[in-house]
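Please open the model in the viewer and keep the sequence panel visible. The tour proceeds by selection, with a short account at each stop.

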Amino acid sequence: MKTRSKITSWDIVRVSSREYHSIKQLATKFECSSSAVKRILYKYKKAYDAFLLHAPDPTVLKPFDDSSIKK
């Protein structure tokens with residue numbers, strides 16, 4: 001799978017609230033790796049919160065690190 005050059009936190013916030021509720025589904029939708037999705041989730045609190053709100057298994061993510069918040 002090719003890693004997309006730009007996957008934004010807004011991409012994740014927008015689709016997490018609808019039908020994509022797992023990291024694998026998000027990676028497939030944006031044609032990127034699951035690590036790229038996780039990188040965005042751990043970088044932006046809004047994306048992290050939007051994902052966890054609808055995630056079937058919230059334990060797949062480690063707790064958000066508040067020291068590097070980008071809102």
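Begin by selecting Glu-31, which is placed in the loop between helix H2 (23-29) and H3. This is a predicted model, and the backbone at this position merits inspection. Most residues other than glycine have a negative phi. Glu-31, although not a glycine, has a positive phi of about 55°. Display the solvent-accessible surface next: with a relative accessibility of 57%, above the 50% cut-off, Glu-31 counts as exposed.

Proceed to helix H3, which spans residues 34-43, and select Leu-41 within it. Is Leu-41 buried or exposed? Its relative accessibility is 0%, and Leu-41 therefore counts as buried.

Now show the surroundings of Leu-41. Apart from neighbours within four places in sequence, the residues in contact with Leu-41 are Ile-12, Ile-23, Ala-47, Tyr-48, Phe-51, Leu-61 and Phe-64. Add Ser-9 to the selection and draw a C-alpha to C-alpha distance: Ser-9 and Leu-41 are 7.2 Å apart in space, with a separation of 32 residues in sequence.

Three of the contacts just displayed, Ala-47, Tyr-48 and Phe-51, lead to the next stop, helix H4 (residues 45-54), where they are among the buried residues. Ala-50 completes the buried set of H4. Orient the view down the axis of H4: the buried residues fall within an arc of 165°, so they line one face of the helix.

Finally, rotate to the face of H4 turned away from its buried side. Which exposed residues does that face carry? Select Lys-46 and Leu-53 to display them.

Terms used:
Residues are numbered from 1 along each chain as its sequence is written. This is a predicted model: local features need pLDDT of at least 70, side-chain atom pairs count only at pLDDT 80 or more; totals for chains, interfaces and linings use all residues. Side-chain values use heavy atoms; hydrogens and water are left out. Helices (H or I, at least four residues) and strands (E, at least two) are DSSP runs, numbered from the N terminus. Buried means under 20% relative accessible area, exposed over 50%, partly exposed in between (1.4 Å probe, protein chains only). Contact means heavy atoms within 4.5 Å. The arc is that of the directions from the helix axis to the C-beta atoms.
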